[in-house]
Amino acid sequence: MSSPLMAAFKDVGDAIRLAPLWWRLGLDQTASRFQRSILGPFWMACNLLVVAFALAFIVGGLMGVNLRESYPQVVAGLLAWSLVGTTIAEAQAIFLYNAGLMQSQRLPLTFYVFLHAQKAATNFLTQLIAFWAMMLVLGRFAAPHWTLLPAVALVLLSVCFLGFIIAIPSTRFRDVAYMMSYVVQLLFYVTPVFWTRAQMSPKYRWVVDYSPLAHQVELLRAPLTGHAPAAIDWLWSLGTVGAFALIAIALLALFRKRVVFWL
Amino acid sequence: MTHQIKLTNVDLDYYVYSLRSQSLRSAVFNLAVGGRMYKAAGDVAAVRALSEINLEINEGDRIALVGHNGSGKTTLLKVIAGIYHPTRGELSIDGDITSMIAIGAGMDPEATGLRNIHKLGMMRRLSRKVIDSRIDAIADFSGLGDFLHLPVRTYSAGMQARLMFAVATEFDADILVLDEWLSAGDAAFVQKAGERMQRMVEEAKIVVLATHDEDLVQRVCNRVCELSGGRIAFLGSTEDWVAYRAAAAA
């Protein structure tokens with residue numbers, strides 16, 4: 001008998017070996033989401049364009065900040081949030097969405113988490129192209145800093161580990177699943193996406209300083225707008241990914257066999 | 001490499017969470033038909049779906065799992081297919097398993113039959129090239145003809161069964177695990193499917209089939225495992241099983 005911890009690592013290893021399968025299945029699921037629509041996956045990009053326009057209008061209009069100044073910041077922030085935050089809301093459905101597959105084919109539990117990360121990455125890439133296209137049209141294009149690549153890789157790791165941390169309890173307790181969309185909404189407002197840390201009253205700046213999500217957003221936003229991220233953002237992001245990894249492996253070791261019964 | 005499935009003292013507890021949920025109601029219903037239910041702590045109920053299963057399935061076996069509704073057939077299939085992990089006991093499997101447990105599982109109802117053949121092939125980790133090379137054979141065996149260009153949501157259960165079985169058996173599998181949905185097909189198809197399973201066994205493969213159809217058992221299978229209340233009530237050759245049934249009926 002191997003220990004549950006070894007079995008958890010084996011589960012992750014098996015899922016890594018299945019990379020070609022979750023890669024293809026992820027693309028297939030993304031494509032079938034937009035079946036029978038003319039724009040297809042470009043609807044994902046439209047989402048970014050519309051929200052970016054609306055938010056920049058409000059931020060520029062209400063707060064009196066020059067729209068031209070805040071626009072790339074806001075849109076890059078939204079783009080970063082789509083990978084950092086929106087995936088949290090989607091993570092609750094990782095196992096529930098694939099319930100049919102889980103009950104008909106033997107696949108490691110980690111497979112579904114990687115599938116989720118693949119779809120998140122595809123979504124991010126589509127929106128990234130839209131972002132660059134939009135900035136080119138507006139004449140505000142900034143060449144991305146090379147740190148974008150390691151930053152995206154680190155955030156994707158975080159997406160995977162957070163996937164376990166959210167999906168496992170959400171499958172067991174359905175209330176958690178419903179709760180997540182509200183939690184993410186709340187997190188969105190306390191994360192500096194369409195406002196900046198400097199605008200926040202110093203009394204409440206800790207909300208930004210101690211938020212792992214704020215640091216992850218910044219980690220992506222800085223290279224997107226052509227700068228290197230601050231060392232503190234790297235440190236926070238590495239630290240939280242490490243912590244998430246420990247929790248995720250513990251959950252996987254404890255509940256790996258049970259999840260299929262919770263569907 | 002020889003293929004084998006071996007279960008040693010396998011127990012499976014099926015946990016049902018939240019006493020107010022829909023799933024519990026169905027679990028209570030299962031009790032009336034055959035499952036053994038007992039209360040675990042708090043809000044969790046446990047159904048002992050399988051107990052003390054000892055079963056060895058060797059190369060060349062076409063084994064039928066029989067038993068009335070709720071006797072544990074599908075649960076045992078899911079344990080063999082690796083979907084449920086045994087609560088206690090050991091399970092060892094040598095060979096690549098293709099499981100076709102739920103009708104329509106892995107198919108996208110919005111996509112056409114042809115696209116679903118690709119999808120099912122993809123889930124078997126086959127390259128596009130391999131799938132393309134077999135697609136005519138699959139279309140031919142399924143007998144669906146031009147229906148393959150229609151979305152699967154327009155198919156009847158029998159048509160879906162034809163498509164899934166054709167895909168499941170066209171691509172090489174060491175071990176084929178099938179639930180009773182096969183009988184959704186019409187007599188001609190069941191006949192054809194039976195012949196194909198026979199051919200698979202000639203290639204020294206294992207077939208595990210859950211069914212209620214005694215004719216199908218006698219035509220296709222050489223061994224029978226009868227389950228009752230999650231335990232093995234009978235295990236032996238098909239001839240012995242027929243005699244056992246006759247004795248039980250008398």
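**Helix geometry and packing in chains A and B**

Of the 250 residues in chain B, 41% are buried. The model is a predicted one, and the secondary structure of chain B comprises 8 helices and 10 strands. Contacts in this chain often link distant parts of the sequence: among those between residues at least 6 apart, 71% join residues at least 24 apart.

Helix H4 of chain B, formed by residues 128-142, was examined in detail. H4(B) contains 15 residues, and the distance from its first C-alpha to its last is 20 Å, close to the 21 Å expected at 1.5 Å a residue. The axis of H4(B) nevertheless has a kink of about 45 degrees, centred on B:Arg134. Immediately after the helix, B:Gly143 adopts a positive phi of about 65 degrees.

The buried residues of H4(B) are B:Ile131, B:Ile138, B:Ala139, B:Phe141 and B:Ser142. Their cover includes two other helices of chain B, namely H3 (113-123) and H5 (157-170). As a general point, residues three or four places apart in an α-helix point the same way, because there are 3.6 residues a turn.

The packing of H3(B) against H4(B) was then characterised. Two packed helices are described by the angle between their axes and the distance between the axes. For H3(B) and H4(B), the axes come within 11 Å and cross at roughly 125 degrees. Because of this angle, H3(B) is classed as oblique to H4(B). In the contact, H3(B) contributes B:Ile117, B:His118 and B:Gly121, while H4(B) contributes B:Ile131, B:Ile135 and B:Ile138. Of these H4(B) residues, B:Ile131 and B:Ile138 are also among the buried residues of the helix. The handedness of the H3(B)-H4(B) crossing is right-handed.

In chain A, helix H12 covers residues 212-224. Its 13 residues should span 18 Å at 1.5 Å a residue, and the end C-alpha atoms of H12(A) are 19 Å apart, which agrees with that value. Burial is extensive in this helix: 12 of the 13 residues of H12(A) are buried, so the helix is largely enclosed by the rest of the structure. The buried set runs from A:Leu213 to A:Leu224 and includes the charged-type names A:Glu218 and A:Arg221 as well as A:His215, A:Gln216 and A:Pro223. After H12(A) comes A:Gly226, with a positive phi near 95 degrees.

Notes: Residues are numbered from 1 along each chain as its sequence is written. Chains are lettered from A and ligands numbered from 1 in the order in which they are written. This is a predicted model: local features need pLDDT of at least 70, side-chain atom pairs count only at pLDDT 80 or more; totals for chains, interfaces and linings use all residues. Helices (H or I, at least four residues) and strands (E, at least two) are DSSP runs, numbered from the N terminus. The expected span of a helix is 1.5 Å times one less than its number of residues. The bend at a residue is the angle between axes fitted to the seven residues ending there and the seven starting there. A residue is buried if 20 or more other C-beta atoms lie within 10 Å of its own, exposed if 12 or fewer, and partly exposed in between; C-beta atoms are placed from the backbone. Two residues are in contact if their C-beta atoms, placed from the backbone, lie within 7 Å. Axes are lines fitted to C-alpha atoms, for helices over the stretch in contact, and angles run from 0 to 180 degrees between N-to-C directions. Angles under 35 degrees count as roughly parallel, over 145 as roughly antiparallel, 65 to 115 as roughly perpendicular and the rest as oblique. A crossing is left-handed if the near helix is turned anticlockwise from the far one by less than a right angle, and right-handed if clockwise.
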